[in-house]
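Thanks for coming. I will take a few minutes on one structure, so please look at the display first.

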Amino acid sequence: MKLAVILLILATTYAYTIVPTLDIDLDGPAKQRFQPAVQLVLNTYGYDASFGAFFSYHNETTFKHLTSKDYAILATSVRTYWPQYAQELEGIVEAFNRSDVTFEYMAAWAYFHEIGHSLSVNIKECTAILLQTKDGIIHGRNMDQSPDAGRLLVIHFKFIKNGQYIGESVDQYWFKTGFVTMFKYGVVSLQENWRYGHYLPLFMLLKKISAGTTSLGWTFRHILDSDINNFDQAVTYLENVIVACSQYNIVAGTKFNQGAIISRDPISTFPTLFFNNTGLGNDQFQYMVQTNYDHWHKDPKGDQRRTIAQNLLANLTSTMQNELGVYSVINTYPIHNEGTFYTAIMNVATGRFNYFGQEGITPFNDLE
Ligand SMILES: *[C@@H]1O[C@H](CO)[C@@H](O)[C@H](O)[C@H]1NC(C)=O
Ligand SMILES: *[C@@H]1O[C@H](CO)[C@@H](O)[C@H](O)[C@H]1NC(C)=O
Ligand SMILES: *[C@@H]1O[C@H](CO)[C@@H](O)[C@H](O)[C@H]1NC(C)=O
Ligand SMILES: *[C@@H]1O[C@H](CO)[C@@H](O)[C@H](O)[C@H]1NC(C)=O
């Protein structure tokens, strides 16, 4: 009996989790696009265990200092400059059908990362791996966040435009109508990671948003839904679009050497890292890793994820220079850690978009 319980706990702790799939028709009414996703989560888990717990956690951190005036400014800006996303958010609010989930509150979520940076919220991790192989660039992505309830919000979407599937995403941030993991068929795989850079004070951030600055989750929506149709165009757009917070954008294209780590900041600019300027040399085994610190600095002592991943990648045997190798590295502790919600292994050259939900892992030392 006891053994059965232990085995059950092991099985539930170390299994990957199943992520549901929904279609989003970009030709259909904006208001309805995310309503089935809200209903799916509410019907499966109920509000309190899912969104309720997630919102409550982030209310205590990111949204703690927002006043009703700030919420009103955010809502007006979203309605003024981003009417399509405003309609999507209206639909999401309608699907919640709760007096405590208002349009103003969801407009603040649309700028979740930007507000978090302004208030120096310190809760993010995430890792990106780009591995160049003879079969294209394999892009591994771990999403790390808090609290655990956010795992229940992760959904895989397939996007339809003009009657065709044009891309996919896996994310928990869809309810803010933005995405930090995106795959546009035949064009690029995209990932955003938290960067510690200059912080705009809240009043300056709100001024910037009131002038029509995009949210970082909407830059990938723009790439998906615009005529951007190759790696260079996507990189140029992400290097130049005005941003309201620090961030890394990790991009892989369909051709040889089309991998980029774009470091953005609301004030400073930095050169983009490509495979041809990693310092590894063009004839060498090519890989790049990005966590949450500038690649031109050493990893901080307390967070060696990039160094660990680079050493593992450098030591990959030739039969592992493929999706299996990227999976092995990205699933190693602490690259896969307590906060990991999901993993995606993408290759836009072959059109393969693999994803699964993850449980948090903590190493267990049986000598202690
Ligand atoms: C989160 O904050 C919003 C805005 O203040 C509030 O309406 C809502 O009730 C809060 N939700 C939770 C779950 O704490
Ligand atoms: C919204 O909730 C109320 C109860 O609070 C219910 O009477 C109403 O039918 C719901 N509306 C929709 C569209 O589900
Ligand atoms: C490196 O690759 C990028 C992306 O393909 C390209 O824009 C850039 O010109 C290349 N630089 C050199 C020195 O070849
Ligand atoms: C292989 O990994 C070790 C650390 O385990 C590291 O010191 C070494 O540099 C790596 N090999 C290469 C070729 O980088």
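I will go through the sheet, then one of its residues, then the core.

This is a predicted model: local features need pLDDT of at least 70, side-chain atom pairs count only at pLDDT 80 or more, and totals for chains, interfaces and linings use all residues. Residues are numbered from 1 along each chain as its sequence is written, and chains are lettered from A and ligands numbered from 1 in the order in which they are written.

Start with the open sheet, five antiparallel strands ordered β11-β2-β3-β12-β13. Strands here are DSSP E runs of at least two residues, helices H or I runs of at least four, numbered from the N terminus; two strands pair if DSSP finds at least two bridges between them. The edges are β11 (287–290) and β13 (352–357), each paired on one side only. Between β2 (residues 127–133) and β11 there are four bridges, and Leu131 has Tyr287 as its bridge partner in β11.

Now Ile345, which sits in strand β12 (residues 340–347). Why does Ile345 count as buried? Because Ile345 has 23 C-beta neighbours inside 10 Å, and the cut-offs are 20 or more for buried, 12 or fewer for exposed, partly exposed in between, with C-beta atoms placed from the backbone.

Last, the largest nonpolar core (buried Ala, Val, Leu, Ile, Met, Phe, Trp, Tyr and Cys joined through C-beta atoms within 7 Å) has 91 residues, with Val251 among those with the most contacts inside it. Helix α5 (residues 83–96) gives the largest share of this core, six residues.
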